[in-house]
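Dear colleague,

I am handing over the structure we spoke about, and the notes on what was found in it follow below. Please read them with the model open beside you.

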Amino acid sequence: MSKPDELLVDVAALVESGQSNQMSLTVVTGGAVITGRLAPEAVWRLRVSDVLTDSDRLGEFSAVFKAPAKKDGAPTHLHFHVARILQGTVGIPETGGMYRVAIEDVSAWTVGDFSYSDL
C-alpha cells in the first residue's frame, strides 16, 4: 500500500496516546497474516529489550531497543505483542511473539485476533 490507511494510522495513534495494550488486530502484510494485540512502541521496545538482556548471545543488542522512540508526526508502525503469524492450522509461535509492521505495508486488516480451536 503506497499511502497508509488513515483509519489504521488513527488506531495506532490511539494505542500510542493511551499507552494501552488491549487493542487486538489482525493484518495482512507481504502475504503473511499476523494477529495479536497492539502495544505502544515504548512498551514494545522495553519488552524486546528485556528479552534480549536475558540472552547470553544477544544481550548487547538490548541497548538499541532502550533508546527512546522518535515521536515525529503520526505513527508509521504497528507494534504487536502476544502475536502469531498464521500458517495453515497453527499460529507461530504458539506462545506469541513481538512483531513490528510498517503501516504502509498493510494490505488488509480487521479488528480482533484469530485463534484456532480443535473443537
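**Cavity and pocket**

The largest cavity holds about 40 Å³ of space, in what is a predicted model. A search of the whole structure finds one cavity of 30 Å³ or more. Its lining is made up of Ala12, Val15, Glu16, Leu38, Ala39, His77, Leu78 and His79, and at least two of the lining residues come from each of helix H1 (6–18) and E3. By character, the lining of the largest cavity divides into five nonpolar residues, two polar and one charged.

The largest pocket, for its part, contains about 260 Å³ of space. Of the 14 residues that line the largest pocket, Glu41, Lys70, Lys71, Pro75 and Thr76 lie nearest its centre, and the elements that contribute two or more residues to this lining are helix H2 (41–53) and strand E3 (77–87). Seven residues of the lining of the largest pocket are charged, four are polar and three are nonpolar.

**The sheet**

E3, which supplies residues to the lining of the cavity and also to that of the pocket, belongs to an open sheet of five strands in the order E4-E3-E2-E1-E5, with antiparallel pairing. E4 and strand E5 (106–111) are the edge strands, and each has a single partner strand, so one side of each is left without a neighbour in the sheet. On average, and with direction ignored, neighbouring strands of this sheet are turned by 35 degrees against each other.

Going through the pairs from the E4 edge, E3 is joined to strand E4 (residues 90–102) by eight bridges, the two running antiparallel, and Phe80 stands opposite Tyr99 in E4. The hairpin of E3 and E4 has two residues between the strands, and Gly88 there takes a positive phi near 60 degrees. On the other side of E3, five bridges join it to strand E2 (residues 32–38), again in the antiparallel sense, with Val33 standing opposite Leu86 in E3.

E2 is in turn paired with E1 over six bridges, in the antiparallel sense. These two strands, E1 and E2, also form a hairpin with two residues between them, in whose turn Gly30 has a positive phi of about 60 degrees. At the E5 edge, strand E1 (residues 24–29) and E5 pair over five bridges in the antiparallel sense, and Thr29 stands opposite Val106 in E5. Thr26 can be followed across both pairings of E1, as its bridge partner in E2 is Thr35, while in E5 Thr26 stands opposite Thr110.

How many of the six residues of E1 are buried? Five of the six are, so E1 is largely enclosed by the rest of the structure.

**Helices against the sheet**

Helix H1 lies across E1, E2, E3 and E5, and runs at about 60 degrees to E5. Helix H2, by contrast, lies across E3 and E4, running at about 125 degrees to E4.

**Two residues to look at**

Trp109 is found in strand E5. Is Trp109 buried or exposed? It falls in between: a relative accessible area of 24% lies above the 20% under which a residue would be called buried, and Trp109 is therefore partly exposed. Leaving aside neighbours within four places in sequence, Trp109 is in contact with Asp5, Leu7, Leu8, Val11, Leu25, Thr26 and Val27. The C-alpha atoms of Trp109 and Thr29 are separated by 9.0 Å, although the two residues are 80 residues apart along the chain.

Val82 lies in strand E3, and its phi is near 50 degrees, a positive value in a residue other than glycine. With a relative accessibility of 41%, Val82 counts as partly exposed, because that figure is not under 20% and not over 50%.

With best regards

Technical notes: Residues numbered from 1 in each chain as written. Predicted model: local features only at pLDDT ≥ 70, side-chain atom pairs only at ≥ 80, totals over all residues. Heavy atoms only, no water. 1 Å grid on protein atoms, 1.4 Å probe; cavity = no way out; pocket = protein on both sides within 12 Å on 5 of 7 lines; lining within 4 Å. Points joined across faces, edges and corners; volume = space filled by probe spheres on them. Helix = DSSP H or I, 4+ residues; strand = E, 2+ residues; numbered from the N terminus. Nonpolar A, V, L, I, M, F, W, Y, C, P; charged D, E, K, R; others polar. Pairing = 2+ DSSP bridges. Axes fitted to C-alpha atoms, helices over the stretch in contact; angles between N-to-C directions. Contact = heavy atoms within 4.5 Å. Buried < 20%, exposed > 50% of the residue type's maximum accessible area, 1.4 Å probe, protein only.
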